[in-house]
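Ready for some practice at reading a protein model? Have the sequence and the 3D view open, and try each task before you look at its solution.

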Amino acid sequence: EIHIKEPIEKEVNPHLLPGELLLCEASTVYKYMQEDGSNRGSYGKLVCTNFKISFLDDDSASDDNEPQFKNKIVGENDITLQCVDQIYGVYDEKKKLLTGQLRKYPEKLIIYCKDLRVFNFCLRYTKEEEVKRIVSGIVHHSQTPKLLKRLFLFSYASAAPNNTDGGNQTVMFETLEDWRDELERTKGNVKYKAVTTNEGYRVSEKLPLYFVVPICISEESILKYDGRGIPIWCWSCHNGAALLKMSAFPKEQDDSTSQMQKAFLDGIYKTISKPPYELLKMDDLSSSLPSLQDIQTAYTRFKQLFLIDNSTDFWATDVKWFSLLESTNWLEIIRRVLKKAIEVAECLEIQHTNVLLIEESATDLCCVISSLVQVMMDSYSRTKSGFQSLIQKEWVVGGHCFLDRCNHLHKSEKEEAPVFLLLLNCVWQLVQQYPPAFEFTETYLTVLSDSLYVPIFSTFFFNSQHQRDTNTSGESLKTQSGPFRFLTVWDWSVQFDPKAQAFLNNPLYAEKPKPDKSQRKTARFKHQRQLSLPLTQAKPSTKRGFFREETDHLIKNILGKRIGKFINSSDEPPNSLREFYDSWHSKPVDYHGLLLPRIDGPEIKVWAQRYLRWIPEAQLHGGGTIATAAKILDLMEEVQSLQVKMDEEHSQAVSGDVRSVPMLRNSARLSSLFPFALLQRQSVKPALPTSTWKDLEDEDDLVKRDDEFVDLSGDML
């Protein structure tokens, strides 16, 4: 039985951005709602442009039931070409991956997106010629390799008027002054200097135009090996200890070259380990953290848990949820990265030693660890403008290869790895553990992760500052000539109106330090999928933290070999890291001081809002953290209105710092995954065959064997 709306009679045309061109379209396409086993859905037009794939039905033309949180660039039924992950065709009920030239065209099209949406389109009622055009067009424009200049980024930049909001507080780190200001802010200008050696990119195209090095490093040293082997400053702690990073020399070298490089490094190390510099501790991240290939493999497995076609698939995975989640290894990688950041924080804060992070290019895991350490140790990085400035400094200008790691051009899957997404997952752990410490919300992090795939901003679409600068020149349609003027993702007014932007700001942000560490425990709801791995008998108890099972490993690898020759590990208490972790967690939290994440097994959770937002079965209507937040926001709105009245009574101007509080209509009906889950979405009971349930009932020990359940308060949504 098919429940359908009548095909639309009125013409619905796509909303095109400046520079956007309609490439192909097909009418009478049927989009399944995908909420249950029925074939409910609606007819409409499927179009493909040089920017996006879009489905247009009669609802697209109306403004009724418009969501409170609406993206002005990418609508609910829009998929940017960069957001397409994989495309499958269904032939006689069998799924087949679509790539390249097609000999036969499918009767059904399934598009899996990088933001974990799944679109099901039925093409049975569409004209054959239109099916050929739309399917081949979508596959070609979203899956085949393309040139950089073919990205929509350039089409948009040449056609769009540049009238963006100038009130952006983010420091872009594109000038020498920006770096000097950062040195002054962190009081690192006594021992470190911003250099202009790379102007014109004469040192290296991978390095930014300006960067910071120890004062004792000469220009000749920087130039000698194209910037390799040079400690580059990231951040200075309040006690003078600094976080540095270094691009390592290639491992496969002939003996003479290797000896020269070793002598060069020894000279550098001796120079920066003398007073006034602190002792130096080195950490080779390529050997102490998972490889990029491991990270990519883990994430590929992990995301499959959330690319759900229908309710049956969801409930089929529910029985073995814990074992499936653990087998991906994604949460374990997050835990290891957070643990590494704690180690670095302990060196800086307690041991007062400089930490030098070493990696082949110093633009992947170095970016993750240095950013995390700054978020944990510097409260400025927990403000919205501070966090954005941090991403600019460490990632955008720092030379992270966004183009390759996100595989925006479909050039090579070997280079693809979700490194930036790994950072956002780690920061989310901190945000959900210490909400008052952050000026931004988890919604902000979710939207930022989505922005990776929106090619109207230059922020995440270049491999380096050099690549961006060399591709900026071009013919502009508006000015006839001159450089492209790219947008930055940090101007949120491009994607959201002021009401929607309010959801990015945390109204409960602690403006002043609060000694109270009490954490509210969320209510436990029935039938809710747990988002962290439980404690199981198969593993040692983690009550004392992650140290018990890994003390020997920690001492050997972290406090031993790779520490470097300037610190004798035998002089250091073997339990210093454990004592640091336990001691910090035994004290009240200073939301403007050092933050250490809790990383015991079940404390590392799945980022529910990002990964479960499109799955109706995973939502609680009128439940979850949003239910609590809604009540608090109502109270805050009342307080603010009273404050306004008081100010008017005393003829005082209203303070400009009053935060905009988002209005939450029908808060009792809001989904726990608000603002992404829509009000009208309803969870549907599983449609598993009776035989399947009978099999599960017969195997009473199945859940015990695969997923021993332990009652963990606060682990629910």
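**Exercise 1.** Decide whether Phe173 is buried or exposed in this predicted model.

*Solution.* Start with the cut-off: buried means under 20% relative accessible area. Phe173 comes out at 3% relative accessibility, so it counts as buried. Now find its place in the chain: Phe173 sits in the loop between α3 (152–159) and α4 (176–185). Last, check the backbone: phi of Phe173 is positive, about 60 degrees, although this residue is not a glycine.

**Exercise 2.** Do the same for Glu93: is it buried or exposed?

*Solution.* This time you need the other cut-off, since exposed means over 50%. Glu93 has 64% relative accessibility, so it counts as exposed. You'll find Glu93 in the loop between β5 (84–91) and β6 (94–97). Its phi is near 70 degrees, again a positive value in a residue other than glycine.

**Exercise 3.** Work out which strands are the edge strands of the open sheet.

*Solution.* First write down the order of the 8 strands: β4-β3-β2-β1-β8-β7-β5-β6, with antiparallel pairing. Then look for strands that pair on one side only: these are β4 (78–80) and β6. As you go from one strand to the next, the twist averages 30 degrees.

Now zoom in on one pair. Strand β2 (residues 41–49) and strand β3 (residues 52–56) pair in the antiparallel sense over 4 bridges. Take Leu46 as an example: its bridge partner in β3 is Phe55.

Finally, add a helix. Helix α2 (residues 128–143) lies across β1 (22–32), β2, β3, β5 and β7 (108–113), and it runs at about 110 degrees to β1.

**Exercise 4.** Find out which residues touch the most other members of the largest nonpolar core.

*Solution.* A bit of background helps: in soluble globular proteins, nonpolar side chains tend to be buried together. Here the largest nonpolar core has 165 residues, and Phe387 and Ile456 touch the most other members. Helix α11 (residues 330–349) supplies the largest share of this core, 12 residues. Domain 1 (22–61 + 68–144) and domain 2 (176–311 + 319–473 + 485–503) each give at least three residues to this core.

Next, click on Phe387 and look around: leaving out residues up to four places away in sequence, its contacts include Val375, Tyr380, Leu424 and Phe440. There is also a second, separate core of 37 residues, with Val203, Leu207, Ile232 and Val397 among them.

**Exercise 5.** Locate the cis peptide bond that joins two prolines.

*Solution.* Go to Pro275 and Pro276: the bond joining them is cis, with omega about 10 degrees. Pro276 lies in the loop between α6 (255–272) and β13 (280–284).

Methods. Residues are numbered from 1 along each chain as its sequence is written. This is a predicted model: local features need pLDDT of at least 70, side-chain atom pairs count only at pLDDT 80 or more; totals for chains, interfaces and linings use all residues. Side-chain values use heavy atoms; hydrogens and water are left out. A nonpolar core is a set of buried Ala, Val, Leu, Ile, Met, Phe, Trp, Tyr and Cys residues joined through side-chain atoms within 4.5 Å. Buried means under 20% relative accessible area, exposed over 50%, partly exposed in between (1.4 Å probe, protein chains only). Helices (H or I, at least four residues) and strands (E, at least two) are DSSP runs, numbered from the N terminus. Domain bounds come from an automatic or database domain assignment. Contact means heavy atoms within 4.5 Å. Two strands pair if DSSP finds at least two bridges between them. Axes are lines fitted to C-alpha atoms, for helices over the stretch in contact, and angles run from 0 to 180 degrees between N-to-C directions.
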